[in-house]
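Let's take a friendly walk through a protein and the molecule it holds. Keep the 3D view open and turn it as you read.

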Amino acid sequence: MKSVLVVYYSQTGQLKKVLDRVCEPLKDSSRYEIDYYEIEMTKEYPFPWKKEDFFGVFPESFKQLEQPFLPPKDSILNKKYDLIILGYQVWYLTPSIPINSFLKSEIAQQLLRDTPIITISGTRNMWVMAQEKVKELLIQCKGNLVGNIALVDRNVNLVSIVTIVDWMFTGLQRKLYGIFPKPGISPEEIEDSIRFGRTIQNHLDSGDYIELQTNLVAQGAVEIRHFLVSMDKKANRLFSIWSNLILNSKAEKRSFLLKCFNVYLLVAIWLISPIVHLIHLITYPINYNKIRRDKTYFEGVK
Ligand SMILES: Cc1cc2nc3c(=O)[nH]c(=O)nc-3n(C[C@H](O)[C@H](O)[C@H](O)COP(=O)(O)O)c2cc1C
């Protein structure tokens, strides 16, 4: 019998739906044993978010500062798993604080060491550099990343910003004003993610994961949109400046600086990002080779 651990955190339940669907083929209890560990924070993050809390988590989130969380049961902690599936979401281009806190803990060191790991993210669409940070943390845990599935909101970038913010601030996954599309990963895509589970099942049975990521990519597990990669990289550099500024400032200046960051984000999204997109389209032929190389790299798990 093969044992699988699913470690995850999810505020809206979207990621849990994806994980349940992916794990569906492993529900045969005579062949597989699946344990779930939902990360719970000592002090939970609110959902729906208040605006000041949403921006308030930015510096600690981006700087990957850990917060206390509740450990799993001893029965999970003391077991050696054949496969671990890590379900995560991105906060500010970085694995969310609960996931980051887990990955930096001794608990993760104990669970993930020398174990095949598949990451599954459910995000708006900017996940590529966060996955690089997850890769780094997995290396520190001596875990063995063998697969990655990145599910996103497929709507137009600027549209998904409007609709996800509405979802995060109201808790309602709705068609805003009756004209915008619903935010998040589409129900059809969640439903179809069972196909990844079947592929994972084949590799879990054989214990050979060498071709797993190639097979997952062939099934559409990862889509690299180079404009988003380029925005992600640029925004990481600027977020680094903002987070240092806020964390190094006096406590009484924090809320003022967070408001400034809020304004900066609006300008970056609505003014700068369309210009960067245009430049990206114009320079596409010149950068073609680099774009192909990036695509191959970010689709992979190395
Ligand atoms: C504070 C915060 C920051 C976020 N930042 C990003 C981001 O940088 N990139 C992205 O693609 N999605 C971002 N999202 C969306 C999340 O990755 C995720 O899709 C959403 O929170 C629902 O996830 P959950 O229900 O699994 O918790 C952010 C969400 C929150 C709450």
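## Around the ligand

In this predicted model, 18 residues surround the ligand. The closest are Gln 11, Thr 12, Val 90, Leu 93 and Met 126, so try finding those five names in the viewer. Sorted by character, the residues of the shell are 9 nonpolar, 8 polar and 1 charged.

Which backbones come within polar reach of the ligand's oxygen atoms? At Val 90, a polar backbone atom is 2.7 Å from an oxygen atom of the ligand. For Gln 11, a backbone N or O atom lies 2.8 Å from a ligand oxygen. Gly 122 also takes part, with a polar backbone atom 3.3 Å from an oxygen atom of the ligand.

## How the ligand is covered

How much of the ligand does the protein cover? On its own, the ligand has 620 Å² of accessible area, and the protein covers 95% of that. The space that the ligand takes is the largest pocket. Two elements give two or more residues to the shell around the ligand: strand 6 (90-91) and strand 8 (116-123).

## A mostly covered helix

Now look at helix 1, which spans residues 14-23. Is this helix mostly covered or mostly open? It is mostly covered, as 7 of its 10 residues are buried. The buried residues are Gln 14, Leu 15, Val 18, Leu 19, Arg 21, Val 22 and Cys 23.

## Two buried residues to find

Asn 100 has its place in helix 5 (residues 97-103). Is Asn 100 buried or exposed? Its relative accessible area is 1%, and because buried means under 20%, Asn 100 counts as buried. The side chain of Asn 100 is joined to the side chain of Gln 64 by a polar contact of 3.0 Å.

Pro 95 is in strand 7 (residues 94-95). With a relative accessible area of 0%, Pro 95 is buried as well. Pro 95 and Glu 40 are 55 residues apart in sequence, while their C-alpha atoms are 15 Å apart in space.

## Backbone details worth a look

Here is some background for the next examples. Most residues other than glycine have a negative phi, and most peptide bonds are trans.

Where can you find a cis peptide bond? One joins Phe 47 and Pro 48, with omega at about 0°. Pro 48 sits in the loop between strand 3 (40-41) and helix 2 (51-56).

## Two positive phi values

Tyr 92 is a residue other than glycine with a positive phi, near 50°. You will find Tyr 92 in the loop between strand 6 and strand 7. Its relative accessible area is 12%, so Tyr 92 falls under the 20% limit and is buried.

Lys 142 has a positive phi too, near 60°, and is likewise a residue other than glycine. The place of Lys 142 is in the loop between helix 7 (128-140) and strand 9 (144-152). What is the exposure of Lys 142? Lys 142 has a relative accessible area of 46%, which means it is partly exposed, since that class lies between 20% and 50%. Compare the two loops in the viewer: Tyr 92 is buried, whereas Lys 142 is partly exposed.

Notes: Residues numbered from 1 in each chain as written. Predicted model: local features only at pLDDT ≥ 70, side-chain atom pairs only at ≥ 80, totals over all residues. Heavy atoms only, no water. Near = heavy atom within 4 Å. Polar contact = N/O pair within 3.5 Å; in protein donor to acceptor, adjacent residues only side chain to side chain. Areas by Shrake-Rupley, 256 points an atom, 1.4 Å probe, with all protein chains shown as cover. 1 Å grid on protein atoms, 1.4 Å probe; cavity = no way out; pocket = protein on both sides within 12 Å on 5 of 7 lines; lining within 4 Å. Sits in = over half its atoms within 2 Å of the grid points. Helix = DSSP H or I, 4+ residues; strand = E, 2+ residues; numbered from the N terminus. Nonpolar A, V, L, I, M, F, W, Y, C, P; charged D, E, K, R; others polar. Buried < 20%, exposed > 50% of the residue type's maximum accessible area, 1.4 Å probe, protein only.
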